[in-house]
Amino acid sequence: IVAYKEHSTELYDLKGEELLAFMEDVNKVARALKDLFAPTKINYGAYSDKLPHLHIHLAPKYENTADFGSTFVMNPQKVYLSDEEYMEMLIAIKSKLI
């Protein structure tokens, strides 16, 4: 998730430079995910009807996986990696953003 640093709930509320800067951040994170994890495609989603803050989900997708060709699965009860694996991933992503 890439969250807008100021409080806003809609893309259309952002002015030209603000919108461009936010989308450049989204693009930078997407490129880091592409470089680190080599997905077939990255899907983007802006779902904020329950969380009133502007944010974009970036979902790396891989061919021949269960959700390829459809929307990504959001299931907060499902654990995919250990805490250590998530931390390693976070460190790797952050290193690409500096």
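This note goes through the sheet, two of its residues and the largest pocket of a predicted model.

1. **Sheet.** Three strands make up an open sheet, in the order E1-E3-E2, and the pairing is antiparallel. E1 and E2 are the edge strands, each paired on one side only. Strands of a sheet pair through backbone hydrogen bonds, either parallel or antiparallel.

2. **E1 against E3.** These two strands run antiparallel and are joined by 2 bridges. Ala 3 stands opposite His 55 of E3. E1 covers residues 2-3, and E3 covers 55-61.

3. **His 57.** This residue sits in strand E3. Is His 57 buried or exposed? His 57 counts as buried because its relative accessible area is 12%, under the 20% cut-off. Its side chain makes a polar contact with the side chain of His 55, at 3.4 Å.

4. **Surroundings of His 57.** Leaving out residues up to four places away in sequence, His 57 touches Ile 1, Asn 43, Tyr 44, Gly 45, Tyr 47, Phe 72 and Met 74. Of these, Gly 45 is worth a separate look.

5. **Gly 45.** Gly 45 belongs to strand E2, residues 41-45. Its relative accessible area is 3%, so Gly 45 is buried. Beyond its neighbours within four places in sequence, Gly 45 contacts His 55, Ile 56 and His 57. Ser 82 is another matter: 37 residues separate it from Gly 45 in sequence, and the C-alpha to C-alpha distance is 25 Å.

6. **Largest pocket: volume and centre.** The largest pocket holds about 1200 Å³ of space. It is lined by 33 residues, and those closest to its centre are Ile 1, Leu 58, Ala 59, Pro 60 and Met 89. Ile 1 also appears among the contacts of His 57.

7. **Largest pocket: which elements line it.** At least two lining residues come from each of strand E1, helix H1 (16-37), strand E3 and helix H2 (83-97). Which element gives the most to the lining? H1 does, with 8 residues. Strands E1 and E3 thus appear twice in this note: they pair in the sheet, and they supply residues to the pocket lining.

8. **Largest pocket: residue classes.** The lining has 23 nonpolar residues. The rest of the lining is 7 charged and 3 polar residues.

Technical notes. Residues are numbered from 1 along each chain as its sequence is written. This is a predicted model: local features need pLDDT of at least 70, side-chain atom pairs count only at pLDDT 80 or more; totals for chains, interfaces and linings use all residues. Side-chain values use heavy atoms; hydrogens and water are left out. On a 1 Å grid over the protein atoms alone, a cavity is a set of points where a 1.4 Å probe fits but cannot get out, and a pocket is an open set with protein on both sides within 12 Å along at least five of seven lines; lining residues have an atom within 4 Å of a point. Grid points are joined across faces, edges and corners, and a volume is the space filled by probe spheres set on the points. Helices (H or I, at least four residues) and strands (E, at least two) are DSSP runs, numbered from the N terminus. Ala, Val, Leu, Ile, Met, Phe, Trp, Tyr, Cys and Pro count as nonpolar, Asp, Glu, Lys and Arg as charged, and the others, Gly among them, as polar. Buried means under 20% relative accessible area, exposed over 50%, partly exposed in between (1.4 Å probe, protein chains only). A polar contact is a pair of N or O atoms within 3.5 Å; within protein, one must be able to donate a hydrogen and the other to accept it, and residues adjacent in sequence count only if both atoms are side-chain atoms. Contact means heavy atoms within 4.5 Å. Two strands pair if DSSP finds at least two bridges between them.
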